[in-house]
Amino acid sequence: MKLFSERGILTKESPFEIAETSDVVITMLPSSANSLLSAFNYTTFGYFDVRSLNKVLDVYTGPNGLLRSGNVLRPWLFVDSSTIDPQTSRRLSVAVSNCLLKEKKHNRETPVILDAPVSGGVLAAESGTLTFMAAKICNNLALAVSMLGVSEGFALGQSLGISATTLTKIFNSSSARCWSSDTYNPVPGVMEGVPSSRNYDGGFASKLMAKDLNLATKSAEEVGVKFPLTSQAEQIFMDLCNQGQGTKDFSCVFRHFYSGKDET
């Protein structure tokens with residue numbers, strides 16, 4: 001908080017105070033206790049520390065939440081960029097849509113909430129290229145399985161005496177080509193500028209991938225869809241977290257689960 005205030009950025013002590021002074025509110029909370037909320041009121045950009053608020057619902061409907069004012073609110077637009085389960089998103093939508101605006105905005109009498117999770121991780125955040133993405137849970141499910149498949153293929157190939165560089169060329173000129181092989185290669189020494197090239201620091205944390213897979217598992221259970229790959233992937237990334245690799249990029253599964261070797 002002090003860091004932001006010293007740079008001239010408006011800071012507040014609670015979500016409620018942010019809502020009282022803002023027209024647009026953006027929330028982005030991971031599963032950890034360290035979360036961030038930003039708000040725009042056209043002329044100011046503010047932050048407040050929500051380390052004691054571990055759930056998106058707490059930020060919105062808690063004792064000092066954004067909706068504490070009751071049925072009459074100042075913000076006309078809420079954008080939640082957290083990656084959460086669809087059920088929570090629906091609950092938020094209902095809670096916000098039941099409110100009225102203090103002042104009509106853009107011919108609207110009720111506030112709007114957008115479910116807008118982002119994709120790109122730390123690298124995209126640093127370069128300003130984060131992407132708002134619908135159906136992020138489904139995307140990250142597929143991404144996790146893809147990374148596991150690529151890492152497993154690399155580990156097997158290395159054990160058979162094939163270098164990761166050779167395997168990468170084969171994958172990327174064949175049907176195995178995917179983002180995990182040609183853009184985000186998990187083998188240290190094969191590709192520059194990716195987490196595997198810097199000891200898996202930065203990128204998308206394994207603990208966040210485990211969280212997203214858990215959300216996918218719960219969603220699949222609720223709608224009665226089979227999810228054998230999701231549940232296996234979730235267990236693998238939970239194992240990584242239990243080994244102390246939770247803050248490392250999820251591509252570290254190559255080294256810490258499959259015992260893959262660096263390219264030399």
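Helices H6 and H7 cross with a right-handed turn. This is a predicted model. H6 covers residues 136-159, and H7 covers residues 164-172. Their axes lie 9 Å apart, at an angle of about 130°. The two helices are therefore oblique to each other. On the H6 side, the contact uses Val 150, Gly 153, Phe 154, Gly 157 and Gln 158. On the H7 side, Ala 164, Leu 167, Thr 168 and Phe 171 meet them. Five of the residues in the contact of H6 with H7 are nonpolar, four are polar and none is charged.

H6 also packs against H10. Here the angle is about 70° and the axes are 10 Å apart. H6 and H10 are therefore roughly perpendicular to each other. Their crossing is left-handed. H6 supplies Leu 141, Ala 144, Val 145 and Leu 148 to this contact. H10 supplies Leu 229, Thr 230, Ala 233, Ile 236 and Phe 237. The contact of H6 with H10 has eight nonpolar residues, one polar residue and no charged ones.

What is the angle between H9 and H10? H9 (residues 206-223) and H10 (residues 228-245) pack at about 150°, with axes 9 Å apart. Angles over 145 degrees count as roughly antiparallel, so H9 is roughly antiparallel to H10. The crossing of H9 and H10 is left-handed. From H9, the contact includes Ser 206, Lys 207, Met 209, Ala 210 and Leu 213. From H10, the contact residues include Glu 234, Phe 237, Met 238, Leu 240 and Cys 241. The contact of H9 with H10 divides into nine nonpolar residues, six polar and two charged.

The table sets out the three pairs.

| Helix pair | Angle | Axis distance |
|---|---|---|
| H6 and H7 | about 130° | 9 Å |
| H6 and H10 | about 70° | 10 Å |
| H9 and H10 | about 150° | 9 Å |

Next, the domain record. An unreviewed UniProt entry places the feature "domain: 3-hydroxyisobutyrate dehydrogenase-like NAD-binding" at residues 134-255. Over residues 134-255, the chain is 62% helix and 0% strand. The C-alpha atoms at the two ends of this stretch are 31 Å apart.

Salt bridges come last. How many salt bridges are there? The count comes to eight. One pair is Lys 102 with Glu 20, whose closest N and O atoms are 3.8 Å apart. Lys 102 lies in the loop between strand E7 (100-101) and strand E8 (112-115). Glu 20 lies in helix H2 (residues 15-20). The pair therefore ties together parts that are 82 residues apart in sequence.

Definitions and conventions: Residues are numbered from 1 along each chain as its sequence is written. This is a predicted model: local features need pLDDT of at least 70, side-chain atom pairs count only at pLDDT 80 or more; totals for chains, interfaces and linings use all residues. Side-chain values use heavy atoms; hydrogens and water are left out. UniProt positions are given in the numbering used here, feature names are shortened, and annotations may be inferred rather than shown by experiment. Helices (H or I, at least four residues) and strands (E, at least two) are DSSP runs, numbered from the N terminus. Axes are lines fitted to C-alpha atoms, for helices over the stretch in contact, and angles run from 0 to 180 degrees between N-to-C directions. Angles under 35 degrees count as roughly parallel, over 145 as roughly antiparallel, 65 to 115 as roughly perpendicular and the rest as oblique. A crossing is left-handed if the near helix is turned anticlockwise from the far one by less than a right angle, and right-handed if clockwise. Contact means heavy atoms within 4.5 Å. Ala, Val, Leu, Ile, Met, Phe, Trp, Tyr, Cys and Pro count as nonpolar, Asp, Glu, Lys and Arg as charged, and the others, Gly among them, as polar. A salt bridge is a side-chain nitrogen of Lys or Arg within 4 Å of a carboxyl oxygen of Asp or Glu.
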